[in-house]
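Please open the model in a viewer and keep the selection panel at hand. The tour below proposes what to select at each stop and describes what is found there.

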Amino acid sequence: MPEILYCDLSFKPVIDEIGEIFSKKIGNKEIFLLAMALGIDNPTKIKKRYTFVRHSYLRKDEISLIYTCAWKNLGHDVNSLLDEKVVYDMAEQCANTGFRIISNHLKDSQHQLFKKLVLDTLKKYPQPDIDDGQEFEDIS
Amino acid sequence: MRITKVTLKNYRQYQDCEYSFPTGAWDSHLFIGRNTRGKSNFLNSINWCLYNDEPHLKDKDQSLPISNTDLLKQCSDGDSVNVEVMVEIQDDDGLYIQYKRSADFSPADNSVGAKEKNNRLKVYRQKSDNRWEPYENQQAQTLVEMYFPHNIREIFFFNGELLNNYFTLSTSQRLKNTITVVSKIQMLEVIVDRLAKIHDKKMKELSRHSPNLKNIEKELEGLKLELDSVRNEFDEIDDQLTKANKEKIELDKELQSSVDIEADEKDIAEYKNKIEALAEMKKNKEIQFNHNAVEYIVLQYLHDDMEEFKSLIDDLRRKNQLPPPVNSELLEQVLNSGICKICNTDIDAKKREYISKLLKTINTSSDIVNMLMEQSNQLTSNLNSFKKIVKAKDTTLAEIQDMNKLINDYDLKIQELEKKVLNIPNREEIKAKRIRRRVVEDSIARNNRMYGVKQLEIEKLDELIAKKQEEFDKALKKQQIAGKFKVEMEFTEKLLKIAQRAKSELIEETRIEVQEKTKDHFLALNWMRKNYSDISLSKDYELNVIHRTGYSGIGSLSGSETALLTLSYILALHELSNLSSPLIIDTPTYNMDGENLTNFSNVLSEISKSKQIILLLTPKEFRNELENVFTPRLTTLKYIESENNSSVLKEI
């Protein structure tokens with residue numbers, strides 16, 4: 001079991017910016033899982049590793065999210081999940097893609113695109129009427 | 001007055017000795033004795049007899065007892081030596097007085113000194129009918145003071161040292177005291193003291209009866225002034241209240257139908273405050289929503305895969321491709337103990353075999369199964385969490401929407417109110433009047449309070465003034481009584497001042513007389529007049545001699561000149577005191593010789609024409625110059641010799 005989960009060093013500014021958006025009330029663990037979820041469909045390799053999350057901080061339900069991510073990207077092969085290194089490498093690669101997606105959305109200085117990303121995600125799931133982006137104007 | 005006889009019994013080196021002073025044309029008596037023969041002790045014996053002290057003791061004599069030491073040594077237990085000194089005088093009326101002091105001395109326990117007892121002075125006075133009347137205690141002492149005043153004894157009995165250094169050793173105060181005594185103002189001093197006491201007494205009586213009317217009057221005036229001041233303040237408050245009430249009525253009328261702009265403005269301010277508070281709450285909700293959103297996004301993106309993954313695991317389980325979830329540790333404990341942990345009964349061989357088989361199956365299942373079971377449980381948990389987070393997210397979002405609605409509502413109300421206020425004609429005027437009315441209302445409330453306070457103050461001051469007025473009336477009556485004491489006190493004060501002035505004037509007169517008579521005596525000597533022109537005794541009682549060259553100072557006088565100046569001064573005091581007491585001088589010419597000694601001897605012998613002179617001389621002093629002057633004028637010339645360790649007088 002790896003002690004540390006890494007991200008690419010180049011995304012450090014992106015991570016800082018996310019912290020700013022959430023008024024520094026969001027942890028690295030949450031940011032990692034968000035990036036992993038956003039990049040789940042297209043894992044990419046990390047070029048230069050940057051210490052990001054300590055494994056011991058992760059709860060069992062959060063580890064389960066990492067295994068789900070790995071199971072999807074390892075061809076639904078449950079046997080591959082026995083190798084923890086492979087599992088966490090896959091999670092880091094998905095997060096790497098996720099950071100890139102977030103980075104693209106953050107290029108807009110008003111973070112409108114990032115907010116739209118969140119809004120789009122929210123819209124995917126059936127819920128009471130959210131008629132426009134007005135509410136999200138206030139989120140930041 | 002002259003001394004006629006002195007007898008000494010067991011006094012120091014004198015065991016039994018009598019000095020007699022016969023009369024003649026001249027009254028000069030010379031006693032010559034070597035050192036330690038008893039010249040100074042002769043002078044001491046007179047002092048002891050009259051005053052019970054010995055001022056002319058030498059250091060070596062200090063520790064020796066007054067009684068003759070040879071006799072004291074001979075004393076056995078219980079014995080004592082009786083010492084007696086008798087001084088006999090003849091007053092100006094030719095009558096005799098005998099002063100006798102005696103005391104008993106016994107050896108001291110520590111063999112040093114002696115114990116004294118029965119010390120007493122007795123005086124015998126010859127009456128005109130030749131009867132001798134005895135006196136003791138205070139009466140005896142009064143007879144001493146009559147002829148030999150204790151506080152000026154230094155002008156009767158003295159020695160050469162004093163003669164040479166009198167003005168150096170004496171302080172101005174000492175000279176003043178002597179002159180005061182000589183001034184014979186004792187009675188006047190008694191009068192001054194008595195008058196001062198009476199004056200004090202009258203003062204006390206006056207202060208007891210005098211009620212300090214002025215102070216009471218002053219206090220009364222102060223209270224009345226204070227009352228006036230409070231009344232003025234009260235009137236002012238009353239005036240202000242009347243004006244304010246009138247103004248309030250007018251303002252009420254004017255503002256009766258006007259819109260309450262202030263109330264509207266207050267509402268606007270309140271709405272703004274509410275919006276501010278809502279904005280803060282909304283911000284916190286949005287942070288909460290953002291957290292929910294992140295969690296939601298993660299679970300939303302993984303939702304389908306989680307369902308699929310779980311479904312796979314469930315399929316494996318349904319197809320028995322996964323062993324049932326069994327607690328292998330519990331099974332091992334059952335096998336080890338032989339007791340079922342659930343029903344608490346012994347397990348038989350059949351059951352034991354089943355459990356062993358089950359445990360084997362579990363142990364042989366792959367790690368992947370355990371991992372899948374774990375994931376299955378967590379996936380279930382995550383899918384349930386997703387449902388909850390959707391609800392929480394929606395709730396938070398609804399709350400935010402409610403807040404937005406409220407903020408919009410408040411904003412609309414603010415706009416409406418602002419529009420209403422802006423459309424009011426003369427709104428600034430109405431606003432100003434409303435503010436003014438509030439100020440007036442505050443003023444009325446404040447003045448109403450002060451009105452009550454001042455009313456109480458006036459009542460209190462009225463009471464105080466009434467009491468003080470009563471006190472003043474009583475004091476006025478008392479003062480009339482005190483008037484009598486005041487007259488007496490003022491009369492006493494006048495008398496006291498007169499007596500004090502008389503005393504000062506008398507002393508001053510005496511000082512001038514002392515100065516003049518000292519000058520007369522001193523400059524009467526031709527050889528002095530050659531050198532000195534004047535003598536002065538200042539108001540500060542500083543004696544000064546003016547040299548004919550204008551130089552002043554006693555320090556410029558030679559030894560014999562100083563002695564003559566002292567003698568002149570003492571003679572002046574003798575004359576002014578009207579005391580005819582003799583002069584007894586111990587070693588008067590010790591430091592003189594030649595012309596000075598002749599001159600000094602001449603002066604002394606001249607004095608002996610009218611005053612008894614007793615000189616105690618050493619053989620060295622009895623030189624030709626002195627002998628030549630005195631021999632034709634001598635009344636007595638005797639040697640003090642030592643015989644069997646006792647001093648005796650021998651004729652020459």
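Two strands are said to pair if DSSP finds at least two bridges between them. The model shown here is predicted.

**First stop: strand β11 of chain B**

Select residues 583-586 of chain B, which form strand β11. B:Leu583 and B:Ile585 point one way from this strand, B:Ile584 and B:Asp586 point the other way, and all are buried. Now add residues 613-617 of chain B, strand β12: four bridges join it to β11(B), and the two run parallel. Within β12(B), B:Ile614 is the bridge partner of B:Ile584.

Next, add residues 157-159 of chain B, strand β8. This strand pairs with β11(B) over three bridges, in the parallel sense. Opposite B:Asp586 of β11(B) stands B:Asn159.

To follow the path from β11(B) to β12(B), select residues 594-607 of chain B, helix α16. Together, β11(B), α16(B) and β12(B) make a right-handed β-α-β unit.

**Second stop: the surroundings of B:Ile584**

Which residues are in contact with B:Ile584, leaving aside its neighbours within four places in sequence? They are B:Leu43, B:Ile46, B:Phe156, B:Phe157 and B:Ile614.

In soluble globular proteins, nonpolar side chains tend to be buried together. The largest nonpolar core of this model has 75 residues, and B:Ile46, B:Val87, B:Tyr99 and B:Ile584 are those with the most contacts inside it. Helix α15 of chain B, residues 559-577, gives the largest share of this core, nine residues. Apart from this core lies another, of 48 residues, among them A:Leu33, A:Leu38, A:Tyr88 and A:Ala91.

**Third stop: helix α1 of chain B**

Select residues 39-51 of chain B, helix α1. At 1.5 Å a residue, its 13 residues should span 18 Å, and the end C-alpha atoms are 18 Å apart, which agrees.

Why is α1(B) described as largely enclosed by the rest of the structure? Twelve of its 13 residues are buried, so the description follows from that count. The buried residues include B:Phe42, B:Leu43, B:Ile46, B:Trp48 and B:Leu50. Polar names also appear among them, including B:Ser40, B:Asn41 and B:Asn44. After the helix comes B:Asn52, whose phi is positive, near 60°.

**Fourth stop: three individual residues of chain B**

Begin with B:Asn10, in strand β1, residues 2-11 of chain B. This residue is not a glycine, yet its phi is positive, about 60°. B:Asn10 is buried, with 22 other C-beta atoms within 10 Å.

Then select B:Asn344, in the loop between α10 (328-337) and α11 (349-364) of chain B. Its phi is also a positive value, near 60°, in a residue other than glycine. Is B:Asn344 buried or exposed? B:Asn344 is exposed, with 7 other C-beta atoms within 10 Å.

Finally, select B:Glu161, in helix α5, residues 160-169 of chain B. B:Glu161 is partly exposed, with 15 other C-beta atoms within 10 Å. Add B:Asn591 to the selection: the C-alpha atoms of the two residues are separated by 9.7 Å, although the residues are 430 apart along the chain.

**Fifth stop: where the chains meet**

Show both chains. Here 30 residues of chain B are in contact with 33 residues of chain A. On the side of chain B that touches chain A, the elements giving two or more residues are α9 (261-318) and α12 (367-423) of chain B. Of these, α9(B) gives the most, with 16 residues. By class, this side of chain B has 18 nonpolar, seven polar and five charged residues.

**Last stop: each chain as a whole**

Select chain B, which has 17 helices and 14 strands. Buried residues make up 26% of its 652 residues. Among its contacts between residues at least 6 apart in sequence, 75% join residues at least 24 apart.

Then select chain A, which has six helices and two strands. Along the sequence, these elements follow the pattern β-α-α-β-α-α-α-α. Of the 140 residues of chain A, 34% count as buried. Among the contacts in chain A with a separation of 6 or more, 74% are accounted for by residues 24 or more positions apart.

Note on methods
Residues numbered from 1 in each chain as written. Chains lettered and ligands numbered in written order. Predicted model: local features only at pLDDT ≥ 70, side-chain atom pairs only at ≥ 80, totals over all residues. Expected span 1.5 Å × (residues − 1). Buried ≥ 20, exposed ≤ 12 C-beta atoms within 10 Å, placed from the backbone. Right-handed = clockwise from strand over helix to strand, strands pointing away. Core = buried A, V, L, I, M, F, W, Y, C linked by C-beta atoms within 7 Å. Contact = placed C-beta atoms within 7 Å.
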